[in-house]
Amino acid sequence: MTPHIFPAVDHAHMARALRLAEFGLHTTQPNPRVGCVIAHGDEIVGEGWHQRAGEPHAEVFALLAAGARARGATAYVTLEPCSHFGRTPPCADALLAAGVARVVAASEDTNPQVAGGGFARLRAGGVEVATGLMRDAARELNRGFFSRIERGRPWLRVKIGASLDGRTALASGESKWITGEAARADVQRWRARSSAIMTGVGTVLADDPQLTVRLREALAAQQGSSAERVKPLRIVLDRHLRTPPRAHLLDGAAPTLIVHAPAALPSDGRFAGVELAAVSTVEDGKLALDEVLSLLAARGVNEMQVEAGSTLCGALLQGGFVDELLIYVAPVVLGDRARPLLALPELTAMAHARRLRVVDTRVVGSDQRILYRE
């Protein structure tokens, strides 16, 4: 099939739609981030973005802004308009009712409830449909959503703060603070875009983390974002329910899910207000990570950040579940007795080494941030 050739004006409007979609970066979970622009040629007559799950989609906001001028216009949308009744009516029907003549979509929606149904409904109504413009950028923006729909598990990012010699803590477990203040603030932004933040009980016992988003002022200043609503699910992998009763993760500041082994049962009221879920264990007695990720996908977790010790992070990488490594490298050296970056089995040949590619690298304060993918 010959690829569609899009004129420059289409590129300009889709780029704007993608920027609009980013306004929902922190607030649309579990829905995808979507932007829409309605235009006559170079002139934009309406635009909008999906702001929160359960509220109108991007197309509806754009059509409201365009009013009668939507008739005969082109709608640029970053994701296929929905064709089913969920918490809101189908956007494909709204576009048809408004008299839009043409729809340009960046990506198809692979959710089985849509999966081409939106495009089919538009074409049946006489609307010209063109797809694939800036598709890669649209999928990248919603990599967690597509991962959950297509792979049945969240997009998984492991965040690690490390020394120049690849160590994450002293032998005693002390790790505050390897990285600087700027890096720690940067981590908050990655947390804010996540549906969930996961750790292991070892980290809870050693560091008592809060795993909350502490970017209220920065997020409140961003158009379309609400700091009050940025509360990713906190997840603890705790086979034997050892999380102490005064742990920050039990403070109610954000929803918490503790995943445990089937035989572990709470013997007191410490977990009141906290959700518990049991998953199977594997041969070594550890929780079945594939089952954990399936459980989270079923809960609508799109993008997940892991902030844990070398054992859990190493197990996730070894199991093939890590989609990206976000590493902050501080200009310090901790020595060979300090704790390693990842706990992995010994390799017997360089041919077995895991090769990663650098997606992004930049200086954050006094540290270097490197984003890796396989």
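**Exercise 1. Describe the open sheet that contains E1 and E2, and follow its hairpin.**

Solution. The starting point is an open sheet of five strands in the order E2-E1-E3-E4-E5, with mixed pairing. Its edge strands are E2 and E5 (128-131), each of which pairs on one side only, and the twist averages 15 degrees from one strand to the next. Strands here are DSSP runs of E with at least two residues, helices are runs of H or I with at least four residues, and both are numbered from the N terminus; two strands pair if DSSP finds at least two bridges between them. Twist rests on axes that are lines fitted to C-alpha atoms, for helices over the stretch in contact, with angles that run from 0 to 180 degrees between N-to-C directions.

The model is predicted, so that local features need pLDDT of at least 70 and side-chain atom pairs count only at pLDDT 80 or more, whereas totals for chains, interfaces and linings use all residues. Residues are numbered from 1 along each chain as its sequence is written, and side-chain values use heavy atoms, with hydrogens and water left out.

The next step is the hairpin itself. E1 (residues 35-40) pairs with E2 (residues 43-49) in the antiparallel sense over six bridges, and His 40 has Glu 43 in E2 as its bridge partner. Two residues lie between the strands of this hairpin, and Gly 41 in the turn has a positive phi of about 60 degrees.

**Exercise 2. Determine which residue forms a salt bridge with Glu 43, and state what this pair ties together.**

Solution. A salt bridge is a side-chain nitrogen of Lys or Arg within 4 Å of a carboxyl oxygen of Asp or Glu, and a search of the whole structure finds 25 of them. Glu 43 forms one with Arg 69, where the closest N and O atoms are 2.7 Å apart. Arg 69 lies in the loop between helix H2 (58-66) and strand E3 (74-77), while Glu 43 belongs to strand E2, so the pair ties together parts that are 26 residues apart in sequence.

For the accessibility of the two partners, buried means under 20% relative accessible area, exposed over 50%, and partly exposed in between, with a 1.4 Å probe and protein chains only. Arg 69 is partly exposed at 40%, and Glu 43 is also partly exposed, at 38%.

**Exercise 3. Locate the salt bridge of Glu 324 and trace the network to which Glu 324 belongs.**

Solution. Glu 324 forms a salt bridge with Arg 143, the closest N and O atoms being 3.7 Å apart. Because Glu 324 lies in strand E13 (residues 324-329) and Arg 143 in helix H6, this pair ties together parts that are 181 residues apart in sequence. Both Glu 324 and Arg 143 are buried.

Widening the view, a network of salt bridges links Arg 33, Glu 140, Arg 143, Arg 157, Arg 193, Glu 303, Glu 324 and Arg 373. As for helix H6 (residues 143-151), its buried residues are Arg 143, Gly 144, Phe 145, Phe 146, Ser 147 and Arg 148, and the helix is followed by Gly 152, which has a positive phi near 70 degrees.

**Exercise 4. Characterise the lining of the largest cavity and that of the second largest.**

Solution. On a 1 Å grid over the protein atoms alone, a cavity is a set of points where a 1.4 Å probe fits but cannot get out, and its lining residues have an atom within 4 Å of a point. The count comes to two cavities of 30 Å³ or more.

The largest has a volume of about 50 Å³, and its lining includes Arg 33, Arg 143 and Glu 303. H6 supplies the largest share of this lining, three residues. By class, the lining has two nonpolar, six polar and three charged residues.

The second largest cavity has a volume of about 40 Å³, and among the residues that line it are Glu 324 and Arg 373. E13 and strand E16 (367-373) each supply at least two residues of this lining, which comprises five nonpolar, no polar and four charged residues.

Volumes are the space filled by probe spheres set on the grid points, which are joined across faces, edges and corners. Nonpolar covers Ala, Val, Leu, Ile, Met, Phe, Trp, Tyr, Cys and Pro, charged covers Asp, Glu, Lys and Arg, and the others, Gly among them, count as polar.

Key
1 Å grid on protein atoms, 1.4 Å probe; cavity = no way out; pocket = protein on both sides within 12 Å on 5 of 7 lines; lining within 4 Å.
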